[in-house]
Amino acid sequence: AIDLDIPRTMPTFNFFHGPTCNMDAESSKVGCLPSSEVDLGHGKLQFSAQGSAMRRILFIYGVLNAGVGYVQGMNEILAVIYYVVSINAAPETESRDVEA
């Protein structure tokens, strides 16, 4: 369910679906994470760097909180929190790189 919901997270917001980092050239940048690809058996999904991070966060939350697990819609709640934390963690980000 997580793998299906991450690509649906704020589809018109480029922060979550923009280009991924080149880890060789940009690995020292704040928030630069590798993209990932997941094989679902009937096709592969590729996640942006932000999508990969959100996927890991939601998976770990589901494992650590087995009574609740992952519930559809948690990706939308996490998206807001992740965006605010990411933007505040990278003060050198230029305003042209941020959409509101």
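In this predicted model, the count of aromatic ring pairs comes to six. A pair of aromatic rings is described by the distance of the centres and the angle of the planes. The rings of Phe13 and Phe15 have centres lying 6.4 Å apart and planes meeting at 50 degrees, so this pair is classed as tilted. Phe13 also pairs with Tyr83, and here the centres are 5.1 Å apart while the planes stand at 70 degrees, so the arrangement is edge-to-face. This second pair connects distant parts of the chain, since Phe13 belongs to the loop between α1 (2-5) and α2 (14-17), whereas Tyr83 belongs to helix α5 (residues 74-89), 70 residues apart. Both partners are shielded by the protein: Phe13 is buried, with a relative accessible area of 15%, and Tyr83 is buried as well, with a value of 17%. Ring pairs join Phe13, Phe15, Phe16, Tyr82 and Tyr83 into a cluster.

Tyr82, a member of this cluster, is located in helix α5 and has a relative accessible area of 14%, so it counts as buried. Between the C-alpha atoms of Tyr82 and Ala53 the distance in space is 9.1 Å, although 29 residues separate the two in sequence. Tyr82 also appears in the largest nonpolar core, a set of 15 residues in which Ile6, Phe15, Phe16, Met54, Leu58 and Tyr82 have the most contacts. Helices α2, α4 and α5 each contribute at least two residues to this core, and α5 gives the most, with five residues. In soluble globular proteins, nonpolar side chains tend to be buried together.

Helix α4, which covers residues 49-64, consists of 16 residues and spans 23 Å from its first C-alpha to its last, close to the 22 Å expected at 1.5 Å a residue. Within α4, the buried residues are Ala49, Gln50, Gly51, Ser52, Ala53, Met54, Leu58 and Gly62, and of these Met54 and Leu58 are listed among the residues with the most contacts inside the core. An α-helix has 3.6 residues a turn, so residues three or four places apart point the same way. On the surface, Phe59, Ile60, Val63 and Leu64 form a nonpolar patch with about 440 Å² of accessible area together. Phe59, placed in α4, has a relative accessibility of 54%, and because exposed means over 50%, this residue counts as exposed.

Two salt bridges are present in the structure. In one of them, the side chains of Arg55 and Asp3 meet with a distance of 2.5 Å from N to O, and this contact links distant parts of the chain, with Arg55 in helix α4 and Asp3 in helix α1, 52 residues apart. The two partners differ in their exposure, as Arg55 counts as partly exposed at 26% relative accessibility, whereas Asp3 counts as buried at 15%. The other salt bridge is formed by Asp5 and Arg8, whose closest N and O atoms are 3.1 Å apart. Here again a buried acidic residue is joined to a partly exposed arginine, for Asp5 has a relative accessible area of 6%, while Arg8 has a relative accessibility of 48%.

How values were computed: Residues are numbered from 1 along each chain as its sequence is written. This is a predicted model: local features need pLDDT of at least 70, side-chain atom pairs count only at pLDDT 80 or more; totals for chains, interfaces and linings use all residues. Side-chain values use heavy atoms; hydrogens and water are left out. Patches are made of residues with over 30% relative accessible area and no salt bridge: like charges are joined within 9 Å, nonpolar side chains (Val, Leu, Ile, Met, Phe, Trp, Tyr) within 5 Å. Accessible areas come from the Shrake-Rupley method with a 1.4 Å probe; for residues, only the protein chains shown count as cover. A salt bridge is a side-chain nitrogen of Lys or Arg within 4 Å of a carboxyl oxygen of Asp or Glu. Helices (H or I, at least four residues) and strands (E, at least two) are DSSP runs, numbered from the N terminus. Buried means under 20% relative accessible area, exposed over 50%, partly exposed in between (1.4 Å probe, protein chains only). The expected span of a helix is 1.5 Å times one less than its number of residues. Rings of Phe, Tyr and Trp (its six-membered ring) pair if their centres lie within 6.5 Å; planes under 30 degrees apart count as stacked, over 60 as edge-to-face and the rest as tilted. A nonpolar core is a set of buried Ala, Val, Leu, Ile, Met, Phe, Trp, Tyr and Cys residues joined through side-chain atoms within 4.5 Å.
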